[in-house]
Amino acid sequence: MNMFLIRRRLVVTTLLAAAGICQAAGKLNVVTSTEDLASIAAEIGGDRITVEAIAKGYQDPHFVEPKPSFLLKLQKADLLAVVGLQLEIGWLPPLITQSRNSKIQEGNAGYLDLSQFCQVLEIPTTQVTRAMGDVHPLGNPHYWLNPENGRRIAKAFENKFSEIRPADKAYFAERDADFGKRLTEAQKRWDAQMAPYRGRKVITYHRSWPNFCERFGLVVVDYVEPKPGIPPTPVHTLEVINAMKRENIKLILVEPYFDLRTPNSIAQGAGGTVAVLLPSVGGVKEVTDYFKVFDYDINLLTSTFAKAQ
Ligand SMILES: [Zn+2]
């Protein structure tokens with residue numbers, strides 16, 4: 001082989017390597033506050049983005065302990081997606097400020113609050129403050145637990161990704177259409193599973209489930225917490241036991257990050273059972289995407305209801 005060919009090959013190889021680096025650097029770097037948002041972002045962004053969640057799905061999203069690694073994620077993010085409605089107010093705002101990343105500051109193009117696109121329930125009609133202990137002062141932030149809000153979140157990601165990366169607009173649109181189709185199919189399955197149990201009354205620990213329960217026909221009668229974010233009190237616990245007896249309620253749903261002692265004693269007092277339902281992707285190891293949250297929860301609910309009959 002002559003020197004010319006060898007040199008040309010070297011040049012081509014170098015160019016290819018450089019292109020590879022450019023392509024890797026060209027991926028949109030997305031950070032989300034929760035694993036649910038990360039899962040939906042990945043559905044829409046495919047191989048054009050990298051995405052990482054800050055809070056883990058087995059943690060209470062209202063109370064996440066900040067770590068230095070969170071700051072590193074935020075420093076290199078092109079886009080930060082949050083649930084909003086003050087879900088993350090206890091831990092995320094100082095991290096955003098400390099990141100000194102101008103792209104993701106609230107109000108800038110790299111900050112995406114998904115609550116503005118979704119159906120939000122329990123919006124207070126009177127003034128509520130966090131000083132009163134209510135962690136839902138702007139309405140219920142657990143809105144991702146209705147798949148129709150999942151569809152709205154996906155659309156918002158499609159639009160935002162396309163705004164930042166217009167060259168990939170068609171790609172994001174195609175992935176969103178595919179996600180929407182799979183979500184429609186899954187909802188038929190979930191509806192069929194839940195159909196025999198529509199109208200069942202339940203108790204939940206925290207107000208995590210209004211969107212889920214409205215969508216799948218469950219009625220939440222009371223909560224283990226006297227107020228969102230306030231730990232159980234003996235007086236309220238007794239009220240819950242009485243409500244369960246009075247209305248023949250047999251099921252208490254608890255998020256994975258709450259102590260089971262009070263729910264267990266309520267169940268014992270009222271003759272019911274406790275089920276740990278997952279509000280998020282990553283709530284247990286095998287629940288690795290948005291679809292699996294509903295698969296897991298609906299399987300658990302239907303098998304628990306079936307046993308109770
Ligand atoms: Zn909450």
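Helices and strands are here DSSP runs, at least four residues long for a helix and at least two for a strand, and they are numbered from the N terminus. With that convention, Leu85 can be placed in the loop between strand 3 and helix 4 of what is a predicted model. Leu85 has a positive phi of about 55° although it is not a glycine. Most residues other than glycine have a negative phi. Because its relative accessible area is 13%, and buried means under 20%, Leu85 counts as buried.

The strand that precedes this loop in the numbering deserves a closer look. Strand 3, which comprises residues 79-82, is covered on both faces, since Leu79 and Ala81 on one side and Leu80 and Val82 on the other are all buried. Strand 3 also has a partner in strand 1 (residues 28-32), with which it pairs in the parallel sense over three bridges, and within this pairing Val31 stands opposite Leu80. A further parallel pairing, again over three bridges, links strand 3 with strand 4 (residues 111-113), where Val82 stands opposite Asp113. The connection between these elements can be described as well, for strand 3, helix 4 (residues 92-99) and strand 4 make a right-handed β-α-β unit.

A second unit of this kind is found further along the chain, where strand 5, helix 7 and strand 6 make a right-handed β-α-β unit. Strand 5 (residues 201-204) and strand 6 are parallel and pair over four bridges, and strand 5 is also joined by two bridges to strand 7 (residues 251-254), again with the two strands running parallel. Ile203 illustrates both pairings: its bridge partner in strand 6 is Asp222, while its bridge partner in strand 7 is Ile252.

Strand 6 itself spans residues 219-223 and contains Val221. Is Val221 buried, exposed or partly exposed? Its relative accessibility is 26%, and therefore Val221 counts as partly exposed. Leaving aside residues up to four places away in sequence, Val221 touches Lys201, Val202, Ile203, Glu247 and Ile249. Arg198, by comparison, is 23 residues from Val221 in sequence, and the C-alpha atoms of the two are 14 Å apart in space.

Asn248 lies in the loop between helix 8 (234-247) and strand 7. Its phi is near 55°, a positive value in a residue other than glycine. Asn248 is exposed, because its relative accessible area is 56%, whereas Leu85 is buried at 13%.

Helix 6 (residues 169-194) has 26 residues and reaches 37 Å from its first C-alpha to its last, which is close to the 38 Å expected at 1.5 Å a residue. Its buried residues are Tyr171, Phe172, Asp176, Phe179, Gly180, Leu183, Ala186, Gln187, Trp190 and Met194. An α-helix has 3.6 residues a turn, so residues three or four places apart point the same way. Which helices do the buried residues of helix 6 pack against? They pack against helix 2 (35-45), helix 5 (147-164), helix 7 (210-216) and helix 10 (290-308); among these, helix 7 also belongs to the β-α-β unit with strand 5 and strand 6.

Pro166 is located in the loop between helix 5 and helix 6. With a relative accessible area of 55%, Pro166 is exposed. The C-alpha atoms of Pro166 and Leu218 are separated by 42 Å, the two residues being 52 residues apart along the chain.

The metal site remains to be described. The zinc ion is coordinated at 2.0 Å by the NE2 atoms of His62, His136, His142 and His206, and along the chain these donors follow the spacing H-x73-H-x5-H-x63-H. What is the geometry of the site of the zinc ion? The angles among its four donor atoms are 106 to 113°, and the site is tetrahedral. For four tetrahedral donors, the ideal angle at a metal is 109.5 degrees. As for the surroundings of the donors, His136 counts as buried because its relative accessibility is 5%, and His142 likewise counts as buried, at 1% relative accessibility.

Key
Residues are numbered from 1 along each chain as its sequence is written. This is a predicted model: local features need pLDDT of at least 70, side-chain atom pairs count only at pLDDT 80 or more; totals for chains, interfaces and linings use all residues. Side-chain values use heavy atoms; hydrogens and water are left out. Buried means under 20% relative accessible area, exposed over 50%, partly exposed in between (1.4 Å probe, protein chains only). Contact means heavy atoms within 4.5 Å. The expected span of a helix is 1.5 Å times one less than its number of residues. Two strands pair if DSSP finds at least two bridges between them. A crossover is right-handed if, with the strands pointing away from the viewer, the path from the first strand over the helix to the second runs clockwise. Donors are N, O and S atoms within 2.8 Å of the metal (3.2 Å for Na, K and Ca); water is not among the atoms, so sites may look incomplete. Four donors count as tetrahedral if all angles lie between 85 and 135 degrees; four count as square planar and six as octahedral if opposite donors are over 155 degrees apart and all others between 65 and 115; anything else is irregular.
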